[in-house]
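Welcome to a short tour. Please open your viewer, switch to a cartoon view and keep the selection box at hand.

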Amino acid sequence: MNKKNLKWYEVPCLMMNNSTTRVLLNGCASQSIVKVLQGEKIGTLFHKNASLWEPSMDASVREMAVSARDCSRRLQNLSSEERKKILLDVADALEANEDLIKSENEADVAVAHEAGYESSLIARLTLKQGKIASLAKSVRTLANMEDPINEILKRTEVADGLVLEKTSCPLGVLLIVFESRPDALVQIASLAIRSGNGLLLKGGKEAMRSNAILHKVITNAIPDNVGEKLIGLVTTRDEIADLLKLDDVIDLVIPRGSNKLVAQIKATTKIPVLGHADGVCHVYIDKSADMDMAKRIVMDAKIDYPAACNAMETLLVHKDLAKTSELNDILVALKTEGVNIYGGPVAHKILGYPKADSLHLEYSSMACTVEFVDDVQSAIDHIHRYGSAHTDCVVTTDDKVAETFLRQVDSAAVVYNASTRFSDGARFGLGAEVGISTGRIHARGPVGVEGLLTTRWYVPRCILVVVLLLYAHSPNFKLA
């Protein structure tokens, strides 16, 4: 910026005895003074008492993170039954406040429609009929699971009288950044409570009212001896950057959203990040497949919830099926349901579908790519080249083909004669999930309670060492 463009503006400040403050900013920028008066933080503010007006953002988010850690430690000190009761109370509270939650969600959905948001986003935003009951059920499932905290994973007697134990324990404080899915807030919060972790949540602005009421309902169910600050709700986008600097307080970041969101977070924090950038999931139909089964799998994988990260985005088909009536039946069924079909280089020529812009493409909508491959090995090579290592499926009656696919496809979840939509925390028996990870360190695939735990080592019994210490303090003690 040219220094000649910098200008001083004097702004009346009624907060400080009608005094005047000064802001140094770019005088050539459009509506600079209007933006300052509206409260936007642009330019450089000069006033001797400016530090008293508002606590710095860094301080406020740090306090939020520290409070979450303190509350998590109190939560860990409760008995297993006490932690279980908190979750059962949360489930009851969700059902008791269902009408209020639905009302706030409907308001968010109405605003989203008015703003012209994409249908896939609105689908993720909407809490459909029965969703609250389903969420309450998943919370109760978590409550009734075996307590994951302080479980002895390994016990070794490393020497006579010296016992070493490896036990499970919470990670500490989690930061979850998620877009447009208020139901994710409930799953994440209940998993944090079950695993004894503190939690900071940042949801998308399009779900602001839904997130606010769900956060209030859940935190009101947390007893005072733990504290409602166990779960903090971040309300402004500006705070995310400050939170991502707190690598000394926050232990794990889990982004749930677009490729762009995940990439931005990974590039701007030292905190470990768990998650996935893309959900480019494949269904491969082998020449030996039961085509009636294949049709059911494909329709579920694409139609059930096209906005989900585990929805099918690419349908790979053995070349011998290219001109069959059974494949045509599947493609017609997809089109009848409103799916836009695009062709890969081969399918585009054979079937005449519009050519796909890319073979690595997550539509997150009623669209998919179809491509033909020579055999199972070609399907595997295609998945490795264009997939995202999320979830991939093989449909076949040939055990050898299935074994090859399951063994060689290097994805977080690989399924045989089942929809890619099966890759889900609840379906995997985890109760719920904070997200699906395509990383290779710590947790992979749907991440439930176990993915939010780490370990610590204990030496709870050390008779030999105690004896040696006693002798060491004796005036007559000498080493041999």
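In what order do the four strands of the open sheet stand? Reading across, the order is β8-β7-β6-β9, and the pairing is parallel. Keep in mind as you look that this is a predicted model.

Select residues 231-234 and 252-256 next. These are β8 and β9, the edge strands; each has a single partner strand, so one side of each has no neighbour in the sheet. On average, neighbouring strands here are turned by 20° against each other, direction ignored.

Now add residues 198-202, strand β7, which pairs with β8 in the parallel sense over four bridges. Show Leu200 and look across to β8: Gly232 is the residue opposite.

Time for the helices. Colour residues 182-195, helix α8. This helix lies across β6 (173-178), β7, β8 and β9, and runs at about 165° to β7. Then pick residues 259-267: helix α11 packs on the sheet too, touching β6 and β9, with its direction at about 160° to that of β9.

Next, turn on side chains for Leu94, Leu199, Leu201 and Ile231. They have the most contacts inside the largest nonpolar core, a set of 50 residues. Helix α8 supplies the largest share of this core, with eight residues.

Zoom in on Ile231. Leaving aside neighbours within four places in sequence, its contacts are Ala189, Ile193, Leu199, Leu201, His215, Ile218, Thr219 and Ile222.

For the last stop, select Ile297, Leu321, Leu331 and Val395, which are among the 29 residues of a second, separate core.

Technical notes:
Residues numbered from 1 in each chain as written. Predicted model: local features only at pLDDT ≥ 70, side-chain atom pairs only at ≥ 80, totals over all residues. Heavy atoms only, no water. Core = buried A, V, L, I, M, F, W, Y, C linked by side-chain atoms within 4.5 Å. Buried < 20%, exposed > 50% of the residue type's maximum accessible area, 1.4 Å probe, protein only. Helix = DSSP H or I, 4+ residues; strand = E, 2+ residues; numbered from the N terminus. Contact = heavy atoms within 4.5 Å. Pairing = 2+ DSSP bridges. Axes fitted to C-alpha atoms, helices over the stretch in contact; angles between N-to-C directions.
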